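Subject: Handing over the structure

Hello,

Here is the structure I promised to pass on. Please open it alongside this email, and my notes follow below.

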Amino acid sequence: MIERIAELRGQAEAEIAAAGSAEALQELRVRYLGRKAELPQMLRGVARLAPELRGAVGKAANQARQALDALIEQRSSQLGGEELHERLRADRVDVTLPGAPAQPVGRLHLLTTMRRELEDIFLGLGFTVMEGPEIESVHYNFDALNHSPTHPARARTDTFYIARPDLLAPSEPRPGQPPSPLAAEELVLRTHTSPMQVRAMEAHPPPLYVVIPGRVYRPDSDATHTPQFHQIEGLAVDEDITLADLKGTLLMFARAVFGDRRDVRLRPHFFPFTEPSVEVDVSCFHCAGSGFLRDGARCPLCKGEGWLEVLGAGEVDPNVYSHVPTSEANAPGYDPEKVQGFAWGMGVERIAMLKHGVPDLRLYYENDLRFLEQF
Ligand code: DAH
């Protein structure tokens, strides 16, 4: 009997060591240690053996059972470790590796680069950058900028007006609430960044030197107009500011963007919110201002003019200051007897177009990588 126990033990030990999976191991447990298996039956039968045999057989069977139990346990955790290892190996994806093929890194849009370049130039001249709302009141967009009630830019065909439910169906103010001061007022998508002139003055006392980049909107669409475009407004208000300061500031800008040898000229013009108003030209960088190329051909960029129109500007009209109520934020306020200022508005698309020879404004908005990747 003792021999049979040893034989069973040896056989079981070999099979357990060779078991390749948790299921195979479970089968071996049933086969050698289950209720009907030979070894446990022997153990149960020990009581019926002759007394001199009981001790030795009981001891051997018990030891065999314990040894097999421990072996199965050990093999089981070993198999578990191997399976886990195998699963981890199969699942291994390194999310930190670049994609295949590696994707090229993107780039800033030309309009963003151009806007930042312009901001940097004016930051270098001591201006700060401000931003303002694209949905604007008629007050800031037109009235406070001295536009006459019949100014053509106010026409429904020239400006995007915003349909306000509270204007279409005027409602009584809610009980206990004052009527909203805006309820009587129309809203537009701002047609220029100039409304920020009055907003900036309301928020800060003089001296004030700000540039305001941002999107503006007009219902036009062709090769030189898109319904949405970008401007950068400039405003400087201080004591003793003259048109010469405007010219000097814009000369610095023109040379920074178009080259050291550029010149600027001011031509009389009209804007409702500046007096005098000017249009500003930069000498053409393509033909060095001569209007003609070396081979005698007419310069295609300035069309033989020698000058490129870049922006509108002027001295701030004193009427505009009267729309800036003195407040705690801007005390002592804007008194036209004490302060003067200049302002300008430039189109970011137009500057980039001139600088980089972009032939059609719509290219900026078509998201064609062949165009965008050139800059
Ligand atoms: N707001 C004008 C436009 O969009 C541009 C402009 C002209 C801005 C003269 C100014 C200015 O600040 O002084 O056409």
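What follows is a short tour of what was found. Keep in mind that this is a predicted model.

Salt bridges

How many salt bridges does a search of the whole structure find? The search finds 20. Here are some of them.

Start with helix α1, which covers residues 2-18. R9 and E13 both sit in this helix. They are 4 residues apart, about one turn of the helix. Their side chains form a salt bridge, with the closest N and O atoms 3.2 Å apart. R9 is partly exposed, at 30% relative accessibility. E13 is also partly exposed, with a relative accessible area of 29%.

Next, look at E73 and R29. Their side chains meet in a salt bridge at 3.7 Å, N to O. This pair links distant parts of the chain. E73 belongs to helix α4 and R29 to helix α2, and 44 residues separate them. R29 counts as partly exposed, because its relative accessibility is 26%.

Then go to D143 and R154. The closest N and O atoms of this salt bridge are 2.7 Å apart. Both residues lie in the loop between α6 (138-141) and β3 (161-162), so the pair ties together parts that are 11 residues apart in sequence. Is R154 buried or exposed? R154 is buried, because its relative accessible area of 16% is under the 20% cut-off. Its partner D143 is partly exposed, with a relative accessible area of 30%.

There is also a network. Salt bridges link R265, R267, E279, D281 and E309.

A negative patch

Which residues form a negative patch on the surface? They are E23, E27, E82 and E83. Two elements, α2 (22-33) and α4 (51-90), each give two or more residues to the patch. E23 is found in helix α2. E23 counts as exposed, because its relative accessibility of 58% is over the 50% cut-off.

The loop around S290

Now turn to S290. S290 is found in the loop between β8 (274-283) and β9 (307-316). Its side chain has polar contacts with the backbone. The side chain reaches the backbone oxygen of C287 at 2.9 Å. A polar atom of the S290 side chain also lies 2.8 Å from the backbone oxygen of F292. S290 and C302 are 12 residues apart in sequence. In space they are 9.6 Å apart, C-alpha to C-alpha. S290 is partly exposed, at 44% relative accessibility.

Cis peptide bonds

Where should you look for cis peptide bonds? One joins A100 and P101, with omega at about -5°. P101 has its place in the loop between α4 and α5 (110-124). Another joins A331 and P332, with omega at about 10°. P332 sits in the loop between α10 (318-321) and β10 (340-347).

Positive phi angles

Two residues are worth a look for their backbone angles. D240 has a phi near 55°, a positive value in a residue other than glycine. D240 lies in the loop between β6 (228-238) and α9 (243-258). At 64% relative accessibility, D240 is exposed.

N367 is not a glycine, yet its phi is positive, at about 55°. N367 is placed in the loop between α11 (348-356) and α12 (369-372). Is N367 buried or exposed? N367 is exposed, because its relative accessible area is 56%.

Where to begin

If you have little time, take the following stops:

- The R9 and E13 salt bridge, with both residues in helix α1.
- The E73 and R29 salt bridge, which links distant parts of the chain.
- The salt-bridge network that includes R265 and E309.
- The negative surface patch formed by E23, E27, E82 and E83.
- The side chain of S290, which reaches the backbone oxygen of C287.
- The cis peptide bond between A331 and P332.

Best wishes

Conventions. Residues are numbered from 1 along each chain as its sequence is written. This is a predicted model: local features need pLDDT of at least 70, side-chain atom pairs count only at pLDDT 80 or more; totals for chains, interfaces and linings use all residues. Side-chain values use heavy atoms; hydrogens and water are left out. Patches are made of residues with over 30% relative accessible area and no salt bridge: like charges are joined within 9 Å, nonpolar side chains (Val, Leu, Ile, Met, Phe, Trp, Tyr) within 5 Å. Accessible areas come from the Shrake-Rupley method with a 1.4 Å probe; for residues, only the protein chains shown count as cover. A salt bridge is a side-chain nitrogen of Lys or Arg within 4 Å of a carboxyl oxygen of Asp or Glu. Lys and Arg count as positive and Asp and Glu as negative; His and the chain ends are not counted. The place of a charge is taken as NZ of Lys, CZ of Arg, CG of Asp or CD of Glu. Buried means under 20% relative accessible area, exposed over 50%, partly exposed in between (1.4 Å probe, protein chains only). A polar contact is a pair of N or O atoms within 3.5 Å; within protein, one must be able to donate a hydrogen and the other to accept it, and residues adjacent in sequence count only if both atoms are side-chain atoms.
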